[in-house]
Every structure is written in C-alpha cells, then in structure tokens.
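Here is a short tour of a small structural report, written for someone with the sequence and the model open side by side. Take a look at the picture first, and then read on.

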Amino acid sequence: RQSIVISRAFGEPLNSFAEVYQAVSNYLFTAVSKLRNENLAARKLTVFISSSKFQDNYYARGESYKSAYPSDNLFELQEWASALFRKIYQPGVDYR
C-alpha cells in the first residue's frame, strides 16, 4: 500500500489554533492506527488544511515532511505533524 489518506471536513468551522490542531491530531491518530493495523510505517506525512471554497477569504495550504527512515511511532509522527501544522496555520481563518 502506497498511502493512507484521512480526509474529513470538520463538523463545524474551527478557527483557533488549539481547535484546528486538535482536529488534525485526531486524524493523525486514526491514520497511525490504520498504519499499525496493516503493519506499515510512514516515511512521508502531509498536513493540509483549508477554509470553505465559498468564503471570500478562501485559504488552503499543505506541507509535507519526508523522513530518511519509516516510522509508525505516534509521538514521532505527531512531532512531524506539529511542525507542518505550525507552518501552514493562518490565524483568522474559519477552517472546514
């Protein structure tokens, strides 16, 4: 298997750093569970967030991290995701 994608809209618009980060962390947990269930490990992680395309201030951005070695360690992948999230989060946006 080449990739595992967890792609969901948030149930309601989220805009605070903590709320959006928590939602991204929850999706990461689901992805890591799938990785482990299939005895896989990730070498690359992408975090993507966006607002509604129907908003005037539409915002979408994603970043990826590629490691030299694969991992299925939740704490390590959380570190990767956290660094990526901090790069792409934009205050004042209602994320979906």
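This is a predicted model, and a good place to start is helix 2, where the buried residues are L74, E76, L77, Q78, W80, A81, S82, L84, F85 and I88. What do the buried residues of helix 2 pack against? Their partners are helix 1 (17–37), strand 1 (42–50) and strand 2 (60–71).

Helix 1 has a buried set of its own, made up of V20, Y21, A23, V24, S25, L28, A31, V32 and L35. Strand 1, strand 2 and helix 2 are included in what covers these residues of helix 1. A general point helps when reading both lists: an α-helix has 3.6 residues a turn, so residues three or four places apart point the same way.

The two helices can be set side by side:

| Helix | Residues in helix | First to last C-alpha | Expected at 1.5 Å a residue |
|---|---|---|---|
| Helix 1 | 21 residues | 30 Å | 30 Å |
| Helix 2 | 15 residues | 21 Å | 21 Å |

In helix 1 the reach is close to the expected value, and the reach of helix 2 is likewise close to what is expected. Just beyond helix 1 comes N39, which has a positive phi, near 55°.

Now for a residue in strand 1, namely L45. Is L45 buried or exposed? L45 has a relative accessibility of 13%, so it counts as buried, the cut-off being under 20%. Leaving out residues up to four places away in sequence, L45 touches L28, E63, S64, Y65, L77, W80, A81 and L84. Among these, L28 is on the buried list of helix 1, while L77, W80, A81 and L84 are on the buried list of helix 2. L45 and Q78 lie 33 residues apart in sequence, with 9.9 Å between their C-alpha atoms.

Stepping back to the whole chain, the protein contains two helices and two strands, arranged along the sequence as α-β-β-α. Of the contacts with a separation of 6 or more, 66% are between residues 24 or more positions apart. The radius of gyration is 14 Å, which agrees with the value near 12 Å for a compact globule of 96 residues. The C-alpha trace spans about 40 × 25 × 20 Å along its principal axes.

Finally, the surface and the charges. Buried residues make up 35% of the 96. The protein exposes about 6,400 Å², with 48% of that supplied by carbon and sulfur atoms. There are 12 positive and 9 negative side chains, and the centres of these two sets are 8 Å apart.

Conventions: Residues are numbered from 1 along each chain as its sequence is written. This is a predicted model: local features need pLDDT of at least 70, side-chain atom pairs count only at pLDDT 80 or more; totals for chains, interfaces and linings use all residues. Side-chain values use heavy atoms; hydrogens and water are left out. Helices (H or I, at least four residues) and strands (E, at least two) are DSSP runs, numbered from the N terminus. The radius of gyration is taken over C-alpha atoms; the globule rule is 2.2 Å times the number of residues to the power 0.38. Buried means under 20% relative accessible area, exposed over 50%, partly exposed in between (1.4 Å probe, protein chains only). Contact means heavy atoms within 4.5 Å. Accessible areas come from the Shrake-Rupley method with a 1.4 Å probe; for residues, only the protein chains shown count as cover. Lys and Arg count as positive and Asp and Glu as negative; His and the chain ends are not counted. The place of a charge is taken as NZ of Lys, CZ of Arg, CG of Asp or CD of Glu. The expected span of a helix is 1.5 Å times one less than its number of residues.
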